[in-house]
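Student: Please take one part of this model and look at it closely. Then work outward from there to the surroundings.

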Amino acid sequence: MSQTRPSQRIAVIPARGGSQRIPRKNIRFLNGKPLIAYSIESAYASQLFDRIIVSTDDDEIAAVAREYGAETPFMRPANLADAFTGTTPVMQHALRFLTELGQAPSEACLIYATCPLLRADDIIEGFKALENASFCFSASTFDFPIQRALCLNDEGKLTTLFPEHIGKRSQDLVEAIHDAGQFYWATTESWLTDGHIFGERSKPIMLPRHRIQDLDTEEDWQRLTQLMKLNSP
């Protein structure tokens, strides 16, 4: 993969070193290899990308990324590597870096480092759908009607988020979907000038719930290991 010619399509995989609830999770081993390796391999398997770039502030993560075939042409600055920085600023930083070198891609896909259940076909479907959308992103359905959600108020008393829906049947409520946290496709222009992933012209690529898992706690990690077994060929 050339680092000097302009790229048509790139993948950017954010992987900061400061994960707190699961320390070093981006390079923690899962079934014999670092977690980030799965995202790099899925990007390669899609055969869509001229370059696969890992955006990190961490030397060890950068070394692991290169071991599995990704590039690390820059180190992410500290102000974009805290727990509060969102997806869009990280992608914009990468694209501006490439633009300044005359290597701006036409399209770019941000792929999280924490989605070993992601498949190349999902990435390909998102790219194809981009023709008629400003952004394409992975999504899935909630496993329970959100309109019937309960919560505890500041006094610890039970209350309802949507009292007007609490007595309704599930089948009478609109099925809600959510960001699955796996990938986000857009043109470079959309990333740099818009950046609103969940706008009216965005298109969700629906994935089954058994291939979706947040990864914030040790319980999440254990659930992921079970889902990996379920989804293995």
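Tutor: What follows starts with one helix and moves on to salt bridges, a second helix, loops and a surface patch.

This is a predicted model, in which local features need pLDDT of at least 70, side-chain atom pairs count only at pLDDT 80 or more, and totals for chains, interfaces and linings use all residues. Residues are numbered from 1 along each chain as its sequence is written, and side-chain values use heavy atoms, with hydrogens and water left out.

Start with helix 6. Helices are DSSP runs of H or I with at least four residues, strands are runs of E with at least two, and both are numbered from the N terminus. Helix 6 spans residues 218-231, 14 residues in total. From first C-alpha to last it reaches 20 Å, close to the 20 Å expected at 1.5 Å a residue. The expected span is 1.5 Å times one less than the number of residues.

Now its buried side. Buried means under 20% relative accessible area, exposed over 50%, and partly exposed in between, with a 1.4 Å probe and protein chains only. The buried residues of helix 6 are Asp-220, Trp-221, Leu-224, Thr-225, Leu-227, Met-228 and Asn-231. They cover an arc of only 165 degrees around the axis, which puts them on the same side of helix 6. The arc is taken from the directions from the helix axis to the C-beta atoms. Strand 2 (29-30) and helix 1 (35-46) are among the elements that cover these buried residues. Cover here rests on contact, meaning heavy atoms within 4.5 Å.

Turn the helix over. The face of helix 6 turned away from the buried side carries the exposed residues Glu-219, Lys-229 and Leu-230. Glu-219 has a relative accessible area of 55%. Its side chain meets that of Arg-223 in a salt bridge (3.7 Å, N to O). The rule for a salt bridge is a side-chain nitrogen of Lys or Arg within 4 Å of a carboxyl oxygen of Asp or Glu. Arg-223 and Glu-219 are 4 residues apart in helix 6, so about one helical turn separates them. Arg-223 is partly exposed, at 45%.

Step back along the chain to the loop before helix 6. There, the side chain of Asp-216 forms a salt bridge with Lys-25 (3.9 Å, N to O). Asp-216 sits in the loop between strand 10 and helix 6, and Lys-25 in the loop between strand 1 (9-14) and strand 2, so the pair ties together parts that are 191 residues apart in sequence. Asp-216 is partly exposed at 29% relative accessibility. Lys-25 is buried, at 14%.

The count of salt bridges by this rule comes to 11. Another one joins the side chains of Arg-169 and Asp-172 (2.9 Å, N to O). Both ends are partly exposed: Arg-169 at 49% and Asp-172 at 46%.

The loop of Lys-25 has a backbone feature too. Arg-24 is found in the loop between strand 1 and strand 2. Arg-24 has a positive phi of about 60 degrees, although it is not a glycine. Most residues other than glycine have a negative phi. Arg-24 is partly exposed, at 29%. Asn-31 also has a positive phi, near 55 degrees. Asn-31 lies in the loop between strand 2 and strand 3 (33-34). Asn-31 is exposed, at 59% relative accessibility.

Helix 1 comes up again at helix 4 (residues 120-129). In helix 4, Ala-120, Asp-122, Ile-123, Gly-126 and Ala-129 are buried. Their cover includes helix 1, strand 5 (107-111), strand 6 (135-141), strand 9 (177-187) and strand 10.

Next, His-196. His-196 is placed in the loop between helix 5 (188-193) and strand 10 (202-206). It is exposed, at 56%. Leaving aside neighbours within four places in sequence, His-196 is in contact with Phe-135 and Ser-202. His-196 and Phe-135 are 61 residues apart in sequence and 8.2 Å apart in space, C-alpha to C-alpha.

Last, the surface. Leu-150, Leu-152, Leu-158 and Ile-166 form a nonpolar patch there, with about 410 Å² of accessible area together. Leu-150 lies in strand 7 (residues 150-152). Patches are made of residues with over 30% relative accessible area and no salt bridge; like charges are joined within 9 Å, and nonpolar side chains (Val, Leu, Ile, Met, Phe, Trp, Tyr) within 5 Å. Accessible areas come from the Shrake-Rupley method with a 1.4 Å probe, and for residues only the protein chains shown count as cover.
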